[in-house]
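Me: I have a structure to go through. Can you take my questions one by one and show the reasoning briefly?

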Amino acid sequence: MPKFETISQLEEYRRRLLAQRDAQAPQVLVCGGPGCLPMGSEEVAAAFQQELKQRGLAAKVILKESGCQGLCARAVKVMLRPREITYQQVTPEDVPEIVEETLVKGKILERLCYQADDGAVKAKKSEIPFYQGQHPLVLGKMDLIDPTSLDDYLAAGGYRAIPHIFGKMSPEAVIDVVERSGLRGRGGGGFPTGRKWRLCRQVPGDVKYLICNGDEGDPGAFMDRAVMEGDPHAVLEGMIIGGYAIGANQGFIYVRHEYPLAVKRLSLAIDQARASGLLGADLLGSGFNFDVKISKGAGAFVCGEETALIASMEGNIGEPRNRPPFPAQHGLWGKPTVINNVESWANVPEIINQGPEWYAAIGTDKSKGTKVFSLVGAVNNTGLVEVPMGTTLRQMVYELGGGIRGGGDFKAVQTGGPSGGCIPKQYLDLPVDYDSLQSVGSIMGSGGMIVMDEHSCMVDVARYFMSFLNDESCGKCTPCREGTKHLLEILTAITKGEGQEEHLALMEELCVTMKDASLCGLGQSAANPVLSTLKYFREEYEAHILQKKCPALVCRPLLKYTIDPETCTGCLACVRECPADAIRGEAGEPQELDQALCVKCGMCHAMCKFDAVKVES
Amino acid sequence: MSELNLTIDGQVVKSQPGLSLLLAARANGIDIPTLCFHDDLKPEGHCRLCVVEIGPPGRTRLVNSCTYPVEEGLVVQTQSEKALASRRMVLELLLAQAPAAELIQKLAAEMGVYETRFKKADPQARCILCAQCVRTCREVVGVSAISMAYRTPKKMVATPFKEDSEACIGCGSCVFICPTNVIMYTEKDGIRTVWGRHFELQACQKCGTYIAPKAQLEHWAKITGDPVESFFTCRDCR
Amino acid sequence: MINQEKLDTILTRYEASSANLIPVLQDIQDEFNYLPKDELKLVAGKLQVPLTQVYSVATFFKMFSLEPKGRHQIRVCLGTACHLRGGQRLVETVSRRLGVETGHATQDLQFSLETVGCLGSCAQAPLMMIDDKYFGRMAVDKVPKILKPYKNQDQD
């Protein structure tokens, strides 16, 4: 990889690269994304490498480990190009057959393909409903490139936006383009990105900073992880453009500690960019200097909040501070600082390449462009999706998501992580955008979309989120510190059957103060999970309090476990796990559960393979 | 810089730019209750007692007045229903957090809150985590012998590793500043004990009354560059 | 007992400035498996920050531990998707099997058990990690089999 000193050198390299590459050459892309990695994608890739070598095909077939290919429920996924055949649930044992039948003989292995409800086999990506509803921009290169290859990024059109602006567009013109595109902060705040850049540019000063917020802390969200791992150069390119626009020469990427692979991929991308003159001094002869450093989080959800993030980068505890002044005026080390989310940065290059009108044509009136969501929970097709703003919840759950897993009933969809709310059935036709989600008591957040069926207890969900928030709250301000503590206490009591009628009104009153008076966004939105579940599922709370029942059969202190003598085979699997020695009986004979000893841990129910343990409330 | 105009509780007032709403209100005879605010410390705005409602009708929000700066044309309500409700709730929460803190009981009673509906902590607890002790030690004394440790579930003021703080000079500023009498020191036989450490008190060379711990005087000597003995005379004897 | 050599290797990587407090502590945590008190006192001196700041930072962030962590670190994910799929039961099973409370290490320091807010592989819930290895689509009955090689490894 040479060092590019001028735009024409970069373009000449790209031309030669494309000329050398045969678009029709067979490629095997094994998905190495967050969904496939834990399911053995590295072993599958190794199996391909070995098989191709053994058969003398290593030079003919290009093997890559790609970024996240989306449909995580069917891990491990393998994409075969140029036909775009998508194989699912691939194991190392399948590899020899894939090479023989598909690569060599051109035959499709139906057993590894997606099967629609009517049994029809869909071999190609474009035929699969999960992908049909999507509009991949940020995720556009995920199943195309090897994220560790700068050549791949260049061949896919990367670093085209930089030459587009240097020498041709002034910083103000760049800001104008981003403003007109309508891009809003993808981290959850939804603040207009162009306006933020403009505010920062207007602050006088020679030293300004750029930060990429990669502290994706919402449980259930892994969009930013996929982008940092699967297309790291897109983030860098966006930041270079941002630096040029606001007048910053130093950028930082703050990556949460729980994402070591993202740190590794970004570090490699930074090294590659520096070596090729795309980061550092006088980029492509423009006179503009820009470099990027990585900063690692240390395990604090609150550091996703801008001022807390800055505090931790300065070597302090991650406590947010009051605003004004805003980071754009007074940020890192007191200098004007623009902080944007990973997905926001990754959107920028294409907005420059294709123009603001192109971007603004996608989405809704006030929410332009696409959004990446992690569609997880009780749907059949779980994984990462990128859809135009305005796609309805129904489309997400039933078309892309393939409906509720196990044929169950839709109960709610939780968006926005712990800062968001649960949206019930009556809003399934809600078009998803910043304002519509807010209007029903939730928020867009970073893009977590957790679907719940009748097996989820909404009181338990509220308690779960409050436990998380109480643990992550920094403790600086009274409403959040004490508020999350008492909400958790009350919710826990309700799930144990110790709730009282007055608790509901007390929680609502406390929630108002948390929302109105907390110091930062964490505290201000901490009330949302409680308020939204109280609003839409009040009867569930009342069942817990008045009848001491958990209708969804989740809150264990309110459950009763019994063993059905007709189905119990006496295999003793439950006996071995019971922590209270409450199950007695002879081997091979139906067991008996002593209610007096039962601690209601539910282990027996989890262990039983014969459905002999019955649970009721 | 020229003054600006803003409206506080229906009254148009003038203020120097750069002032906080709290100080601007006080300058005009309007008092707002506070807990973590102290004139000699940089305002942190985390107790949330000093919240006021700002903004045009229909688009108001609460902000803490101790850090929010005055703005031309800003409309501020210090006693609106929304602000009062939040203050009452903050005090109710603090009554549960620090049941033995008399200051909280007093402020709460003034707002009509006499008991708390929340589960109370240790009945002897008095710390409201206002951090005035920590901030005083860091900003005024300059030794930072204590700090806030942990996060919400266990947040507390502590010495490093909860052991004797070597940086402590025994000055007792934290004791003096604490609004709820949490930190104590004892003095006996020329020794002051605070945060578990014993400090030898230095007596005035002229009259013999105790001035301060020797360690504190040594700290001042280091700052001013004067010989430590120059601090061994009490103020009255100078 | 301060391991001066290891500590110096870490300190020379960074400029002696308060901005590098967290990276220095992260490297010490990775190297020693916890944050030893004496080393932290030295760090305060070298970076010119009050010891109280070092202590506050060490107790604020979840990745830091003032107690030694186990040789094998088990992290069970309690993110939303994992919680809904039995994450809590998974933690309880591991905890019981190893005789260790969440947030602590076993007596022999072989294992430490933690829960994490989200590991970012939500589609494979419930999830757990042992050191760098992921175990997706976990079930309570898979736990003994997964723990076995780690238990045996340390016995050899």
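Me: How do helix 8 of chain A and helix 10 of chain A lie to each other?
Reply: This is a predicted model. The axes of helix 8 (residues 193-202) and helix 10 (residues 232-246) of chain A come within 9 Å and cross at roughly 45°. Angles under 35 degrees would count as roughly parallel, and 65 to 115 as roughly perpendicular. Helix 8 and helix 10 of chain A are therefore oblique.

Me: Into which classes do the residues of the contact of helix 8 with helix 10 of chain A divide?
Reply: Helix 8 of chain A brings A:Trp197, A:Cys200 and A:Arg201. Helix 10 of chain A meets them with A:Gly242, A:Ala245 and A:Ile246. Gly counts as polar here. The division is 4 nonpolar, 1 polar and 1 charged.

Me: Which strands are the edge strands of the chain A sheet with the order 9-8-7-10?
Reply: This open sheet has 4 strands, with parallel pairing. An edge strand pairs on one side only. In chain A that applies to strand 9 (291-296) and strand 10 (337-341).

Me: Which residue in strand 8 of chain A stands opposite A:Cys212?
Reply: Strand 7 (residues 209-214) and strand 8 (residues 250-255) of chain A run parallel, joined by 6 bridges. Opposite A:Cys212 stands A:Ile253.

Me: Which strands of chain A does helix 11 of chain A touch?
Reply: Helix 11 (residues 260-275) of chain A packs on this sheet. Its direction makes about 165° with that of strand 9 of chain A. The strands touched are strand 7, strand 8 and strand 9.

Me: Why is one side of strand 2 and of strand 4 of chain A left without a neighbour in the sheet?
Reply: These strands belong to an open sheet of chain A with the order 2-1-3-4 and mixed pairing. Strand 2 (62-66) and strand 4 (85-87) stand at the edges, so each has a single partner strand.

Me: Which residue in strand 4 of chain A stands opposite A:Val78?
Reply: Strand 3 (residues 78-81) of chain A runs antiparallel to strand 4 of chain A. The two are joined by 3 bridges. Opposite A:Val78 stands A:Tyr87.

Me: Which helix of chain C gives the most to the side that touches chain A?
Reply: The contact takes 38 residues from chain C and 44 residues from chain A. Helix 2 (21-32), helix 4 (51-60), helix 5 (80-84) and helix 6 (87-98) of chain C are among the elements that each supply at least two residues. The top contributor, with 4 residues, is helix 5 of chain C.

How values were computed. Residues are numbered from 1 along each chain as its sequence is written. Chains are lettered from A and ligands numbered from 1 in the order in which they are written. This is a predicted model: local features need pLDDT of at least 70, side-chain atom pairs count only at pLDDT 80 or more; totals for chains, interfaces and linings use all residues. Axes are lines fitted to C-alpha atoms, for helices over the stretch in contact, and angles run from 0 to 180 degrees between N-to-C directions. Angles under 35 degrees count as roughly parallel, over 145 as roughly antiparallel, 65 to 115 as roughly perpendicular and the rest as oblique. Two residues are in contact if their C-beta atoms, placed from the backbone, lie within 7 Å. Two strands pair if DSSP finds at least two bridges between them.
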